[in-house]
Amino acid sequence: MHLDDIHIRDPFVLDSPESEHRYWLFGSTDDNIWSGPATGFDTYWSDDLENWTGPIAAFRPSDDFWSHTQYWAPEVHIHNGAFHMFATFTAEGRRRGTQVLRADRPEGPYLPWSDGPVTPHDWECLDGTLHVEDGTPYLVFCHEWKDVGDGEIHVLELSPDLRRAVGQPRMLFRASSAPWTLSIPRPEFPEVFVTDGPSMHRAADGRLFMLWSSWGDGGYAVGVATSATGSVQGPWTQSEQPLWPTDGGHGMIFADAEGQLFLTLHTPNRTPDERAAFFPLVETAEGLRLRENPSEDR
């Protein structure tokens, strides 16, 4: 099948080192991710980024798993020789959060690794992503607008085995700090700014970028924040304009076998029409930019 055949939100691509560049596509794959019983997460694989095989059941909850609805945004990172999935879960009477699951193979099956969410249990949190810096693992995640109105992105140290949080989270920035974001009308707060889908990218020259999503003039969009120090601790400065401005979001960056960088995101941002899309990307002195022609330097 091709990408147009796969209904998926929040796409994440893993290039497995155990193969000759076999790519694994993860994402929110339930028919109805917004309500009702959740099925789990599926994955698809490809050797050329064009033809895909699947779905393969990557995670299916046991009967006693604490969450049975709204399974969102799985990411898979290789750490300590194993595959760790970071995914968002919720349940009636419980706060939404990011839990860590683990498998010995990229396709799973993934089993719970952390004891419930590693994000603060009294916060509404989502979209945790792993970032390792100087050997220390960190979780970068969203503290939802549902708690604070102006959505926040935080960093939280994790234990070396990724099973638990270490210390307290630290806020990196609020959604309204980006000049391109717009408030959306909600009755809970006078103004609501969304943070969604943070994803880290270390450039070839050492700069540290964070992709994240919010609402802008063109709808759901992807912006870029840059760390002034090259560290996840920041401080972070925001791009004036979004990298992807219109009707698509929750982006991440991966490289193909030739080293070409790609931005992947889902577009359009409406259910059930969401599809993963790949766009060639370049690193420039000014930051990240979509590649305009095939002859442009990678």
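What follows is a chat between a trainee and a mentor about burial, polar contacts, salt bridges and sheets in this predicted model.

Trainee: Let's begin with serine 28. Where does serine 28 lie, and why is serine 28 called buried?

Mentor: Serine 28 belongs to strand β2, residues 22–28. Its relative accessible area is 2%, and buried means under 20%, so serine 28 is buried.

Trainee: What makes the pairing of the serine 28 and aspartate 10 side chains a polar contact?

Mentor: The distance is 2.6 Å, and the cut-off is an N or O pair within 3.5 Å, with one atom able to donate a hydrogen and the other able to accept it. So the pair counts as a polar contact. There is also a backbone partner: the nitrogen of alanine 73 sits 2.8 Å from a polar atom of the serine 28 side chain.

Trainee: Which residues does serine 28 touch, leaving out those up to four places away in sequence?

Mentor: His7, Ile8, Arg9, Asp10, Ile33, Tyr71, Trp72, Ala73 and Pro74.

Trainee: On to charges. How many salt bridges does a search of the whole structure find?

Mentor: The count is 16.

Trainee: How do you know that glutamate 124 and arginine 95 form a salt bridge?

Mentor: Their closest N and O atoms are 3.5 Å apart, and the limit is 4 Å between a Lys or Arg side-chain nitrogen and an Asp or Glu carboxyl oxygen, so the pair qualifies. It links distant parts of the chain: glutamate 124 is in the loop between β8 (111–117) and β9 (125–133), while arginine 95 is in strand β7 (residues 94–103), 29 residues apart.

Trainee: Why do glutamate 124 and arginine 95 get different burial labels?

Mentor: Glutamate 124 has 12% relative accessibility, so it counts as buried. Arginine 95 has 32%, and partly exposed covers the range between 20% and 50%, so arginine 95 counts as partly exposed.

Trainee: What makes glutamate 144 and arginine 96 a link between separate parts of the chain?

Mentor: Their side chains meet in a salt bridge at 3.2 Å, N to O. Glutamate 144 lies in the loop between β10 (136–143) and α1 (145–148), and arginine 96 lies in strand β7, so the pair ties together parts 48 residues apart in sequence. Glutamate 144 is buried at 7% relative accessibility, and arginine 96 is buried at 5%.

Trainee: Which residues are joined into one network by salt bridges that share partners?

Mentor: Arg95, Arg96, Glu124, Glu144 and Asp147.

Trainee: Aspartate 205 also pairs up, with arginine 207 at 2.9 Å. Why is aspartate 205 called exposed?

Mentor: Its relative accessible area is 52%, and exposed means over 50%, so aspartate 205 gets that label.

Trainee: Now the sheets. In the one ordered β13-β14-β15-β16, what makes β13 and β16 edge strands?

Mentor: β13 (196–202) and β16 (236–238) each have a single partner strand, so one side of each has no neighbour in the sheet.

Trainee: How do you know that β13 and β14 pair?

Mentor: Five bridges join β13 to strand β14 (residues 208–216), and pairing takes at least two, so they pair. They run antiparallel, and serine 199 stands opposite leucine 211 in β14.

Trainee: What about β3 and β4?

Mentor: Four bridges connect strand β3 (residues 41–46) with β4, in the antiparallel sense. Aspartate 42 stands opposite alanine 57 in β4. These strands belong to an open sheet ordered β1-β2-β3-β4.

Methods:
Residues numbered from 1 in each chain as written. Predicted model: local features only at pLDDT ≥ 70, side-chain atom pairs only at ≥ 80, totals over all residues. Heavy atoms only, no water. Helix = DSSP H or I, 4+ residues; strand = E, 2+ residues; numbered from the N terminus. Buried < 20%, exposed > 50% of the residue type's maximum accessible area, 1.4 Å probe, protein only. Contact = heavy atoms within 4.5 Å.
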